[in-house]
Amino acid sequence: MISSRVSGFYRWSLGERARWVARWGGPSDGVAAERVNILCGPNGLDLTRADQMVENVIGLHGLPLGVALNFVINGRDVLVPMAVEEPSVIAGASFAARLVREGGGFQTDSSDSEMIGQIQVIDVVDVWSARFKLLSAREELLQCANECDPVIVGLGGGARDLEVRVLEGTPIGAMLVVHLVFDCLDAMGANTVNTVCEALAPRIEEMTGGRVGLRILSNLADRRLARARCMIPVEALDTDDFAGEQVARGIVEAWALASVDPYRAATHNKGIMNGVDAVVVATGNDWRAIEAGAHAYAAQSGRYCSLSAWERDNQGNLIGTLEMPMAVGIVGGATRVHPVAGLAVELLGVQSARELAEVIVAVGLAQNLAALRALATEGIQRGHMRLHARQVALAVGAAEHEVASVVERMIAEGHVRPDRAEAILAEHRREVNPGSHQRGQ
Ligand code: NAD
């Protein structure tokens, strides 16, 4: 197996990069050639295929597709295709994955692929006894749900649970919401769950005497969670200008703000979604569904907050964790229709939707690390400015006893530049020794 750790990849030509990626996983020569044709030849998404996918097609809208390197996830080297228009996202993910690699890579985990379908019941006279009737008929309703998708049920998925919520204080009075929990296995599941909800509606109306309104999947997929964890040895965070210890502390401090403040949390989570969405898009999954689920989950406590957490372990290592809903599929949707999306899933080497979800959350965590590290070092940069200013003052000829005053004035002005250092130094000398205008006196 080739390693995902490649240095100088960005210096290769586009063709060299595509040919190298096409060899990922050791395919035959024919498959590798076809992969190159899909990536940058004639076999990507064409107009005929696009015209079958959505309505009123008039053309194609391209996005750059790159690969993030250096990822190790559960001990496996992973090459991560990312479709994104924003610069620095792929480089950031690759850089963070390299840091995490030094701590052994990402560990990931996920729950079953359980989605929730909602069936709204209105005009119910006695909501609590209607709820009782529905819960008593749980087995019958689950069986009815399972009849809708024999393929998923045959593969071991299907209806898992039924919950009935009474919502008393709505603008139109009390109503019931039935939650059908359905394990969608390797499908994202929206079509499947919507079909099931529609099929259950008549029986639910009969049982409750009410009227069914909405019958649709919830994008708050809080029973379909994926999580990733990483450990970065503090020395791996050393830079030329900052000790790893400072960087680790800065990252935890930056996260602390996001954990309590929605204004910061929104941007913190946007950074996570930079990585998440790029893989979701590359694999042909529904990024609106993922976005909706992520932000609803981030606000589930009643206050919108950070999706990730950063802390230190006993040895001072930096530990990051991210848990979020991840309703993605490797069957259905556009994944098998869009040639590049199909290839992206193939390159990732994932065998199930859960595995894909776990990779995506690992990428989200890497992206979060890259952003926080940059922010933490820029924040620390303010302290670093003093050192920098000292060097600038010395460089323009300030004597040791003059340095402090030149540094203080440059920092107070907010301009640490040789021209300012020179002017301030001359001014300082005039103040101290009004007769002298000569530099170095
Ligand atoms: P789908 O209906 O295309 O495919 C799912 C089907 O694949 C299953 O019903 C099953 O019969 C079959 N299948 C074969 N092998 C399977 C396996 N191993 N595991 C699971 N199923 C298997 O797609 P879907 O996933 O039900 O729906 C996804 C699409 O729905 C996306 O395109 C999404 O954009 C769209 N959508 C989303 C929303 C929303 O998020 N609110 C609403 C409506 C539609």
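These legends accompany close-up views of a predicted model.

**View 1. The open sheet with order β3-β8-β10-β9.** Four strands make up this sheet, and their pairing is antiparallel. The edge positions belong to β3 and β9 (308-312). Each of these has a single partner strand, so one side of each lacks a neighbour in the sheet. From one strand to the next, the twist averages 15°.

**View 2. Helices α9 and α10 against the β3-β8-β10-β9 sheet.** Helix α9 (residues 244-260) lies across β9 and β10 (318-325). The direction of α9 runs at about 140° to β9. Helix α10 (residues 262-282) packs on the sheet as well, touching β9 and β10. Between the directions of α10 and β10 the angle is about 75°.

**View 3. Edge strand β3 and its partner β8.** Strand β3 (residues 107-110) pairs with strand β8 (residues 225-232) in the antiparallel sense, over four bridges. S110 has A226 as its bridge partner in β8. D109 stands opposite R227 of β8. Side chains in a regular strand alternate between the two faces of the sheet. Along β3 they do alternate. T108 and S110 point to one face and are buried. Q107 and D109 point to the other face and are not buried.

**View 4. The open sheet with order β5-β6-β4-β7.** Four strands form this sheet, again with antiparallel pairing. At its edges stand β5 (158-170) and β7 (211-218). Each has a single partner strand, so one side of each is left without a neighbour in the sheet. Neighbouring strands are turned by 20° against each other on average, direction ignored. Strand β4 (residues 114-122) and edge strand β7 pair over six bridges, in the antiparallel sense. In that pair, V121 has V212 of β7 as its bridge partner.

**View 5. Helices α5 and α8 on the β5-β6-β4-β7 sheet.** Helix α5 (residues 127-136) packs on the sheet and touches β5 and β6 (173-183). Its direction makes about 180° with that of β5. Helix α8 (residues 190-208) also packs on the sheet. The strands touched by α8 are β4, β6 and β7. The direction of α8 makes about 155° with that of β7.

**View 6. The packing of helices α2 and α12.** Two packed helices are described by the angle between their axes and the distance between the axes. For helix α2 (residues 29-40) and helix α12 (residues 339-348), the angle is about 130° and the axes are 9 Å apart. That angle makes α2 oblique to α12. Their crossing is left-handed. From α2, the contact takes in V31, R35, I38 and L39. From α12, P339, V340, L343, E346 and L347 take part. By class, the contact holds seven nonpolar residues, two charged residues and no polar ones.

**View 7. Positive phi at N70 and S88.** Neither residue is a glycine. N70 has a phi near 75°. N70 lies in strand β1 (residues 65-73). Its relative accessibility is 4%, so N70 counts as buried. S88 has a phi of about 80°. S88 sits in the loop between β2 (76-83) and α4 (89-101). At 59% relative accessibility, S88 counts as exposed.

Notes
Residues numbered from 1 in each chain as written. Predicted model: local features only at pLDDT ≥ 70, side-chain atom pairs only at ≥ 80, totals over all residues. Heavy atoms only, no water. Buried < 20%, exposed > 50% of the residue type's maximum accessible area, 1.4 Å probe, protein only. Helix = DSSP H or I, 4+ residues; strand = E, 2+ residues; numbered from the N terminus. Pairing = 2+ DSSP bridges. Axes fitted to C-alpha atoms, helices over the stretch in contact; angles between N-to-C directions. Parallel < 35°, antiparallel > 145°, perpendicular 65-115°, else oblique. Left-handed = near helix turned anticlockwise from the far one by under 90°. Contact = heavy atoms within 4.5 Å. Nonpolar A, V, L, I, M, F, W, Y, C, P; charged D, E, K, R; others polar.
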